Amino acid sequence: MKNLKKINLLTISVILIFLVINDFFYNVYYISKNSFKERMSYHYGYCYKNGFGFIDDIVNQYNIKNNINVYNTLITPSSNWFFYNSNSKHEKNKIIVLNYKKNSTENSILAIKINTNIDGKYKVIKNFENCYFLERKND
């Protein structure tokens, strides 16, 4: 009987130490306290880094149903996967550009030179700091 109590005590101690080392209690608190959007924005950034918060605001504010291409001038993994839906088409005339430092002072038209696929002139629909939601301007 004493041997069984020692084994149970040892098992509970090992499990408790494992939970503390892996911040289990803090992680449960953090997940229950913050919403999904807050957690994603904290880890992936609003505009800087991968721009989850900015992309989420654009998708919700403009009710975008199609996949929209996201270009980031920083060397980071693609942010397209945040809201990618394999059953939807790609939006042809609208793009999101993250962390782009513009050269001109013009706010309504932006000339993009990042990638040969998207080079051209774009109308700025919304911007926050260095993040832009753009629509291709037909010349």
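Contact means heavy atoms within 4.5 Å. The model is predicted: local features need pLDDT of at least 70, side-chain atom pairs count only at pLDDT 80 or more, and totals for chains, interfaces and linings use all residues. Residues are numbered from 1 along each chain as its sequence is written, and side-chain values use heavy atoms, with hydrogens and water left out.

**Exercise 1.** Place V59 and state which residues it touches, not counting residues up to four places away in sequence.

Solution.
- Element: V59 belongs to helix α4, residues 52–61. Helices (H or I, at least four residues) and strands (E, at least two) are DSSP runs, numbered from the N terminus.
- Burial: V59 is buried because its relative accessibility is 15%; the cut-offs are under 20% for buried, over 50% for exposed and partly exposed in between (1.4 Å probe, protein chains only).
- Contacts: beyond four places in sequence, V59 touches I64 and F83.
- Separation: 8.3 Å lies between the C-alpha atoms of V59 and F83, which are 24 residues apart along the chain.

**Exercise 2.** Describe the largest nonpolar core.

Solution.
- Term: such a core is a set of buried Ala, Val, Leu, Ile, Met, Phe, Trp, Tyr and Cys residues joined through side-chain atoms within 4.5 Å.
- Members: the core has 15 residues, of which F54, I55, I58, I96, L98 and F133 touch the most other members.
- Elements: α4, β1 (67–72), β2 (90–98) and β5 (131–136) each give two or more residues to this core. The most come from α4, with 5 residues.
- Second core: another core lies apart from this one and has 8 residues, including I95, Y100, Y122 and L134.
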